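Q: Please walk me through this one before I plan my afternoon.

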Amino acid sequence: MLRAHTPTGIRGLPVAAALALLLAASLLVGAPARAATEPSSRPGGKPTGFGFKIGTFNVLGSQHTRGRGGYAPGTQRARWTAGAITQRGIDVIGLQEVQRDQLRVLRNRMPGYRIWPGTALGNQGVRLQIAFRTKQFRLVGHGHVMTRFHRQTRPIPWVELRDRRTDRRFFVVDVHNSPKGLERERDSATAKQVRLVQRLRRKGAPVFVTADANEKREFYCKMTSRTDLRAANGGKPRARGCQPPRRRLRIDWVLGGKKVVFSHYREDRGPRVRRSSDHELVHARVRVKPLRRR
C-alpha cells in the first residue's frame with residue numbers, strides 16, 4: 001500500500017506546520033501593542049513634544065448687528081473672521097456667539113479645518129464651536145457639559161484631539177459665561193467647568209480652555225487655583241493670594257496645563273478683527289513638553 005508523500009520543513013515537520021510555527025514566532029517578537037495611554041516617544045525611542053497656535057474669539061453673533069448702523073451683517077463678518085484665522089495660521093480655536101448663518105460661512109471659508117460640534121448639539125449648541133486643522137490633528141473624542149447662560153441652559157463643548165505626527169493627545173474646552181450682572185450664573189458655570197477640566201485631566205493628557213468668561217480676575221483665579229491650568233498671558237496661580245497677569249486684564253482667555261509652554265501671546269485688533277467683532281482675537285504659540293521615558 002502506497003503512502004501519500006508529505007513535504008517536510010523544519011526538522012522533519014510538515015511544511016504547513018512549519019509555516020504556522022514561523023508565523024506564531026513572528027507575532028511574538030513583533031512590535032509591542034500600543035499602550036492605552038499616550039506614547040512617551042517616537043518609534044525610535046526619542047521623547048517627543050509638539051507645538052501649535054491656539055486662539056479664542058467671540059465672533060459677535062449675527063443677531064447683534066442686524067439693521068442699520070454699527071457692524072456689517074453677521075455673514076460678512078464671518079467671512080472676515082475666517083480670513084483672520086487662516087491668515088494668522090491659527091491651528092486650534094474656540095469660537096463664541098456663533099449663529100447658524102455664520103457657521104455655514106466659516107465652514108465654507110476655512111478649508112482644511114473641521115468645526116465641532118456644528119449643529120450636533122442643537123440650536124443652543126451652535127453658539128460655541130471648536131475649529132482645528134485636520135492635516136495636523138485628528139478628532140478622537142468629544143462631549144459637553146450643560147451650564148446656565150443668560151437665563152438659559154446650553155452646552156459647553158470639548159474635544160479630544162490627537163496630533164498626527166507624534167500621536168500625542170490633548171483636550172480643548174470652549175467656554176462662554178453669562179455677561180453683566182448674572183454673577184450667580186457665572187459662578188455656577190465656572191464651578192462646572194473646573195470639574196470638567198479636573199475630570200479630563202485625569203485621563204493623562206493636557207487640557208486647554210478657550211473662553212469668553214465675561215470675568216477677569218475671578219475667572220482666572222478659580223480656574224488656575226483649582227486645576228493645573230496656566231494663562232497664556234502670564235500670572236502666578238496660587239491657592240492663596242492669586243496673582244493674575246500684570247498686563248491689562250481681558251475677559252477673553254487662553255489657558256493650558258502646566259506641562260505646556262506658551263509664547264508669542266497676542267491680543268489682536270488687526271483690520272479684519274476690528275471689522276468683525278467687538279472682541280480681540282486672542283492667540284498664542286504653545287509647546288507641549290515631551291513626556292518622560294517609561
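**Working chat**

Q: How many contacts beyond four places in sequence does the model have for residues 18–36?
A: Just the number: 5. A contact means heavy atoms within 4.5 Å. pLDDT, the predictor's confidence per residue from 0 to 100, stays under 50 over that stretch. This is a predicted model, where local features need pLDDT of at least 70 and side-chain atom pairs 80 or more, while totals for chains, interfaces and linings use all residues. Numbering starts at 1 along each chain as its sequence is written, and side-chain values use heavy atoms, without hydrogens or water.

Q: Where else does pLDDT stay under 50?
A: Over residues 1–13, with 13 contacts beyond four places in sequence. Where pLDDT is low, don't read the coordinates in detail.

Q: And the protein average?
A: It is 87, and 82% of the residues score at least 70.

Q: New topic. Which cysteines form a disulfide?
A: C221 and C242, with sulfur atoms 2.2 Å apart; the cut-off is within 2.5 Å. The structure holds 1 disulfide.

Q: What does that pair link?
A: Distant parts of the chain, 21 residues apart. C221 is in helix α6 (residues 217–226), and C242 is in the loop between β9 (229–231) and β10 (252–257). Helices (H or I, at least four residues) and strands (E, at least two) are DSSP runs, numbered from the N terminus.

Q: Why is the disulfide left-handed?
A: Because the torsion about the S-S bond of C221 and C242 is about -90°.

Q: Are C221 and C242 buried or exposed?
A: Both are buried. Buried is under 20% relative accessible area, exposed over 50%, partly exposed in between (1.4 Å probe, protein chains only).
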